[in-house]
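Biologist: Hi! Could you pull up the model so we can walk through it together?

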Amino acid sequence: SGLASSLVAPSSPQLSAAAMSIQVYDDHFKADRKIVTVKDVEPEKFISAFSQHLKRQGRFELPKWADVVKTSKAKELPPSDPDWLYVRTASMVRKIYIRKGMGVGAFRKVYGCQQ
C-alpha cells in the first residue's frame, strides 16, 4: 500500500478520504500476487468492492422505482438487495472491461433468463 501511504501527510494521525478508499481496496485485494488489471482480481471481490465505491462516490442516485422494478420479465419479485443497482453496474463495468465491444444483445444473454 505504497500509494496509500504516500497520500497521507506524515504529521496527520488520520487518513485522508482518498487514502482511506485506496486502503480499503489494498486490504480487500491484498494477496501474494501483484494486481495489475481487473482480470487479476476475483470477480466477486471486484464487484463487491467496486459497487461500494460507486455507492460512496454518489455520482448517480437510485431512481424512485428501483425498489419495485423487476430485473427481467421472467422474475416475479424485485431484487432483495437494496443496493442491487450498484452491484449490477459494477458487474456490467467489469464485463465491458474484459470483453470490449459487448452490446445490448450480449448483456441480454448474460443478465436475461429463459422464460
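Modeller: Sure, here is the model, and we can go from the overall fold down to single residues.

Biologist: Great. What am I looking at, and how many helices and strands are there in the protein?

Modeller: Keep in mind that this is a predicted model. The protein has five helices and zero strands, so to read the elements from the N terminus you get α-α-α-α-α.

Biologist: And what share of the residues is buried?

Modeller: Of the 115 residues in the protein, 21% are buried. The accessible surface is about 8,700 Å², and carbon and sulfur atoms account for 56% of that.

Biologist: What about contacts between residues at least 24 apart?

Modeller: Those make up 40% of the contacts between residues at least 6 apart in sequence.

Biologist: Let's switch to helix packing. At what angle do α4 and α5 cross?

Modeller: Helix α4 covers residues 84-98 and helix α5 covers residues 104-111. Their axes come within 12 Å and cross at roughly 125 degrees, which means that α4 is oblique to α5.

Biologist: Left-handed or right-handed, that crossing of α4 and α5?

Modeller: The crossing is right-handed.

Biologist: Which residues of α4 and α5 meet there?

Modeller: From α4 you have Arg88, Ser91, Met92, Lys95 and Ile96, and they meet Phe107, Val110 and Tyr111 of α5. Sorted by class, this contact holds five nonpolar, one polar and two charged residues.

Biologist: Ser91 caught my eye. Is serine 91 buried or exposed?

Modeller: Serine 91, which sits in helix α4, has a relative accessible area of 12%. The cut-off for buried is under 20%, so serine 91 counts as buried.

Biologist: Which residues is serine 91 in contact with, leaving aside its neighbours within four places in sequence?

Modeller: Ile47 and Tyr111. You have met Tyr111 already, as one of the α5 residues in the contact with α4.

Biologist: New topic: where is glutamate 61?

Modeller: Glutamate 61 lies in the loop between α3 (43-57) and α4.

Biologist: Buried or exposed, that glutamate 61?

Modeller: Glutamate 61 has a relative accessible area of 71%. Exposed means over 50%, so glutamate 61 is exposed.

Biologist: Last one: what separates the C-alpha atoms of glutamate 61 and tyrosine 86?

Modeller: Those two C-alpha atoms are 9.6 Å from each other, with the residues 25 apart along the chain.

Biologist: Lovely, thanks for the tour!

Notes: Residues are numbered from 1 along each chain as its sequence is written. This is a predicted model: local features need pLDDT of at least 70, side-chain atom pairs count only at pLDDT 80 or more; totals for chains, interfaces and linings use all residues. Side-chain values use heavy atoms; hydrogens and water are left out. Axes are lines fitted to C-alpha atoms, for helices over the stretch in contact, and angles run from 0 to 180 degrees between N-to-C directions. Helices (H or I, at least four residues) and strands (E, at least two) are DSSP runs, numbered from the N terminus. Angles under 35 degrees count as roughly parallel, over 145 as roughly antiparallel, 65 to 115 as roughly perpendicular and the rest as oblique. A crossing is left-handed if the near helix is turned anticlockwise from the far one by less than a right angle, and right-handed if clockwise. Contact means heavy atoms within 4.5 Å. Ala, Val, Leu, Ile, Met, Phe, Trp, Tyr, Cys and Pro count as nonpolar, Asp, Glu, Lys and Arg as charged, and the others, Gly among them, as polar. Buried means under 20% relative accessible area, exposed over 50%, partly exposed in between (1.4 Å probe, protein chains only). Accessible areas come from the Shrake-Rupley method with a 1.4 Å probe; for residues, only the protein chains shown count as cover.
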